[in-house]
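Visitor: Please take one part of this model and go through it closely. I would like to start with the open space and then see what surrounds it.

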Amino acid sequence: MKLRLPLLCKIILFGFLSLNSLALTELDLDFNYNKNIFGVDRQSYETKRTYAGSVTFYFLSKTGIEFNISQSENEIIGKYDNSDLSTGLVIENEYTNIKTQSFGIGIRQALSSRKSFLQPLISLGWSRQQYTLYSTTLVKDLDTSTEYLIRSGEEKSSYDAMFGAFALKMMLTKTFSIKGSVRTVFRAFKFEEARDQLSYSAGISWLF
């Protein structure tokens, strides 16, 4: 999936050029991987990989402007046991691929001193979500043993969203730390969706 340069990236660049004279900048990199196996015979599975990064420019000692970007790919492979059937059309397997890009801007607030070994952080802001969906289905005619591969075209959608995150950093040096975080992204002002859109990740952070 090609990564296009949206308006928000230009805003990030402008923010970097205008705010790089500030005393403190924070760079974060995060990774998340999930795999779920399902089906009676554990024959189906879902995997999801997410890569994310953010830059925060602090204009106060504990408060900063955060720019973030993430990209994820979700693959779902479903296989079906048709051994008890002898005639008709059946679905052998299904494959679904969902790619997501997210661009966000918000406020990050540190909840403890920069000198603390454990440092909790919260972030709140606006995000733009972009989705691309693609799927294939393998159908078999049991009467003739003929297989048909049905491909869907790419379906694209996007919408405005809001995000919230809580992270806990563990300082290893004065400038480098590891962290774990929980994040929610939901449709703008649909606050009731926040608790249903949680994701967990681990990553690293630098101060400079």
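How much space lies in the largest pocket?

Guide: About 1,100 Å³ of space lies in the largest pocket. A pocket here is an open set of points on a 1 Å grid over the protein atoms alone, where a 1.4 Å probe fits and protein lies on both sides within 12 Å along at least five of seven lines. Grid points are joined across faces, edges and corners, and the volume is the space filled by probe spheres set on them.

Some ground rules come before the details. This is a predicted model, in which local features need pLDDT of at least 70 and side-chain atom pairs count only at pLDDT 80 or more, while totals for chains, interfaces and linings use all residues. Residues are numbered from 1 along each chain as its sequence is written, and side-chain values use heavy atoms, with hydrogens and water left out.

The lining consists of 47 residues, meaning those with an atom within 4 Å of a pocket point. Nearest the centre of the pocket are Thr 50, Ser 70, Arg 183, Val 185 and Ser 199. Strands S1, S2 (44–58), S3 (63–79), S4 (89–110), S5, S7, S8 and S9 (198–207) each give the lining at least two residues. The chain as a whole has one helix and nine strands, in the order α-β-β-β-β-β-β-β-β-β along the sequence. Helices (H or I, at least four residues) and strands (E, at least two) are DSSP runs, numbered from the N terminus.

Several of these strands are also joined by charged side chains. Side chains of opposite charge can pair when their charged atoms come close. A salt bridge is counted when a side-chain nitrogen of Lys or Arg is within 4 Å of a carboxyl oxygen of Asp or Glu, and the model has seven of them. In one, Arg 108 pairs with Asp 28, with 2.9 Å between the closest N and O atoms. This pair links S4, which holds Arg 108, to S1, which holds Asp 28, across 80 residues. Arg 108 also forms a salt bridge with Glu 66, at 3.0 Å from N to O. Glu 66 is in S3 and Arg 108 in S4, so this pair ties together parts 42 residues apart in sequence.

How buried are the three partners? Buried means under 20% relative accessible area, exposed over 50%, and partly exposed in between (1.4 Å probe, protein chains only). Arg 108 is buried at 6%, Asp 28 is buried at 0%, and Glu 66 is buried at 2%. The three belong to a salt-bridge network that also includes Glu 26, Asp 30, Lys 169 and Lys 179.

Another salt bridge joins Arg 128 and Asp 160, at 2.8 Å from N to O. Because Arg 128 lies in S5 and Asp 160 in S7, it ties together parts 32 residues apart in sequence. Both partners are partly exposed: Arg 128 has a relative accessible area of 28%, and Asp 160 has 38%.

Two residues show how individual strands meet other parts of the chain. Thr 25 lies in S1 (residues 24–38) and is buried, at 5% relative accessible area. Beyond its neighbours within four places in sequence, Thr 25 is in contact (heavy atoms within 4.5 Å) with Val 55, Thr 56, Phe 57, Trp 206, Leu 207 and Phe 208. Glu 75, in S3, is partly exposed at 23%. With the same four-place neighbours left aside, the contacts of Glu 75 are Tyr 45, Glu 46, Thr 47, Arg 49, Tyr 95, Thr 96 and Asn 97. Glu 75 and Lys 48 are 27 residues apart in sequence, with their C-alpha atoms 6.4 Å apart.

For the chain overall, residues 24 or more positions apart account for 63% of the contacts with a separation of 6 or more. Of its 208 residues, 34% count as buried.
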